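Please look through the structure below before reading on. The report that follows takes it one part at a time.

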Amino acid sequence: MSTAFFSHPDCHAHDMGAGHPECPQRLDAIADHLLATGLDIALEHHEPPLATLEQLQRAHSVQYVMELKDLLERVRDEGTTKALDPDTIANPHTWRAALRAAGAAVAATDAVLAGRVDNAFCAVRPPGHHATRDQTMGFCFFNNVAVAARHALDVHGLERVAIVDFDVHHGNGTEDIVAGDERVLMASFFQHPLYPGTGAVPMGTNMVNVPIPPYTRGAEIRELIEQMWMPRLNEFRPQMVFVSAGFDAHREDDLGQLGLVEADYEWITRRIKDVADRHAGGRIVSCLEGGYNLSALARSVAAHLRVLAGVAA
Ligand SMILES: [Zn+2]
């Protein structure tokens, strides 16, 4: 069994300012913990290429991609910063980081579909699941997972892919892009109410949205996953599974109020892997979304990767 780990220094150079939770140190915390635990040697390390505009335009409108390109290139050339919303700030390195993050998801998809690796994790930033077809928001510029899912469908000719999102926040951007696209089944849970406030009413029959009240613990969330996600995922028989892997539902994470711990991420990953093994030849591409308590993030990513790589704890 082999698991690819995609990351790149460009993703580190995107910086939204002192005190911002979506910080470059998130990637350091993950890399340091993988080294300290020896898990890094179980992974195949890859540096991804930049996404192309054509790849981005499978999930975003041409106008959005071109306007964001103009804006972020101007920020780069002027050596300045620009707030696209109060939480989402571009610096001179953001354009390359955003292309690198989406490029990782695409390259991981190619590697898994070519059979070069069994599955892949992309330790990238900026994250993607709040980026809608036409809008930057919530720390996200391009929707990495949606770009990769459309790549699998439109370029590789897959007919059915699943997107599983376990970030504490609703993946409104992904829903905006894939709702109504019957080639995609999106299964998610998210704390509700919480930013961005969406998700309680699904936008399409291909959405399995599970809103969860604050202070819910792992045991109850596992039960909801078993009841709400698993029958739909198995009925859908995805040929590949994409994961929006946010770790901010951890009980040590201050951006949400859910109560997951590392053992829950291990369990969730195992259930996702069961679906992939049963229907999709084990093909999984997982992309980092949230997770802001650096220690909890690193431990949870390790728990996720141990299951993907088939390494005992
Ligand atoms: Zn989040």
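Is W229 buried or exposed? The model is a predicted one, and in it W229 has a relative accessible area of 2%, so W229 is buried.

## An aromatic pair

W229 has a ring partner. There are 8 aromatic pairs in the model. In one of them, F189 and W229 are stacked, with 5.8 Å from centre to centre and 25° between the planes. F189 belongs to strand β7 (residues 184-191) and W229 to helix α8 (residues 218-236), so the pair ties together parts that are 40 residues apart in sequence. A pair of aromatic rings is described by the distance of the centres and the angle of the planes.

F189 is buried too, because its relative accessible area is 1% and the limit for that word is under 20%. Elsewhere, Y64, W95 and F142 make up one aromatic cluster.

## The sheet

What is the strand order of the open sheet of 8 strands? The order is β2-β1-β5-β10-β9-β6-β7-β8, and the pairing is parallel. At the edges are β2 (43-46) and β8 (207-212), each of which pairs on one side only. From one strand to the next the twist averages 15°.

Two of the pairings can be followed strand by strand. β6 and β7 are joined in the parallel sense over 5 bridges, and V164 has A187 in β7 as its bridge partner. β7 and β8 are also paired in the parallel sense, over 6 bridges; here Q191 has I212 in β8 as its bridge partner. Although β8 is an edge strand, 5 of its 6 residues are buried, so β8 is largely enclosed by the rest of the structure.

## Helices across the sheet

Which strands does helix α8 lie across? Helix α8 lies across β6, β7 and β8, and runs at about 170° to β7. This is the helix that holds W229, while β7 holds F189.

Helix α2 (residues 25-37) lies across β1 (3-6), β2 and β10 (284-288). The angle of α2 to β10 is about 125°.

## F6 and its contacts

F6 is in strand β1. With a relative accessible area of 4%, F6 is buried. Leaving out residues up to four places away in sequence, the residues that F6 touches include H46, P48, A104, A108, F121 and V124. In the case of A108, which is 102 residues from F6 along the chain, the two C-alpha atoms are separated by 7.3 Å.

## The zinc site

Which protein residues are donors of the zinc ion? They are D167, through two OD entries, H169 through ND1, and D248 through OD, at 2.0 to 2.8 Å from the ion. Along the chain these donors follow the spacing D-x1-H-x78-D. H169 sits in the loop between β6 (161-165) and α7 (172-178), and D248 in the loop between β9 (240-245) and α9 (262-279), so this pair ties together parts that are 79 residues apart in sequence. Both H169 and D248 are buried.

Why is the site called irregular? The angles among the 4 donor atoms run from 52 to 153°. Four donors count as tetrahedral if all angles lie between 85 and 135 degrees, and as square planar if opposite donors are over 155 degrees apart; this site fits neither, so it is irregular.

## Unusual backbone

Most residues other than glycine have a negative phi, and most peptide bonds are trans. Two peptide bonds in the model can be set against that. The bond joining R125 and P126 is cis, with omega about 0°, and P126 is in the loop between β5 (119-122) and α6 (144-154). The bond from Y195 to P196 is cis as well, with omega near 0°, and P196 is in the loop between β7 and β8.

F139 and Y215 can be set against the statement on phi. F139 is not a glycine, yet has a positive phi of about 75°. F139 is in the loop between β5 and α6 and is buried, at a relative accessible area of 10%. Y215 has a positive phi near 70° and is likewise a residue other than glycine. Y215 is in the loop between β8 and α8, and with 66% relative accessibility Y215 counts as exposed.

Terms used
Residues numbered from 1 in each chain as written. Predicted model: local features only at pLDDT ≥ 70, side-chain atom pairs only at ≥ 80, totals over all residues. Heavy atoms only, no water. Phe/Tyr/Trp six-rings, centres within 6.5 Å; stacked < 30°, edge-to-face > 60°. Helix = DSSP H or I, 4+ residues; strand = E, 2+ residues; numbered from the N terminus. Buried < 20%, exposed > 50% of the residue type's maximum accessible area, 1.4 Å probe, protein only. Donors = N, O, S within 2.8 Å, 3.2 Å for Na, K, Ca; no water. Tetrahedral: all angles 85-135°; square planar, octahedral: opposite > 155°, others 65-115°. Pairing = 2+ DSSP bridges. Axes fitted to C-alpha atoms, helices over the stretch in contact; angles between N-to-C directions. Contact = heavy atoms within 4.5 Å.
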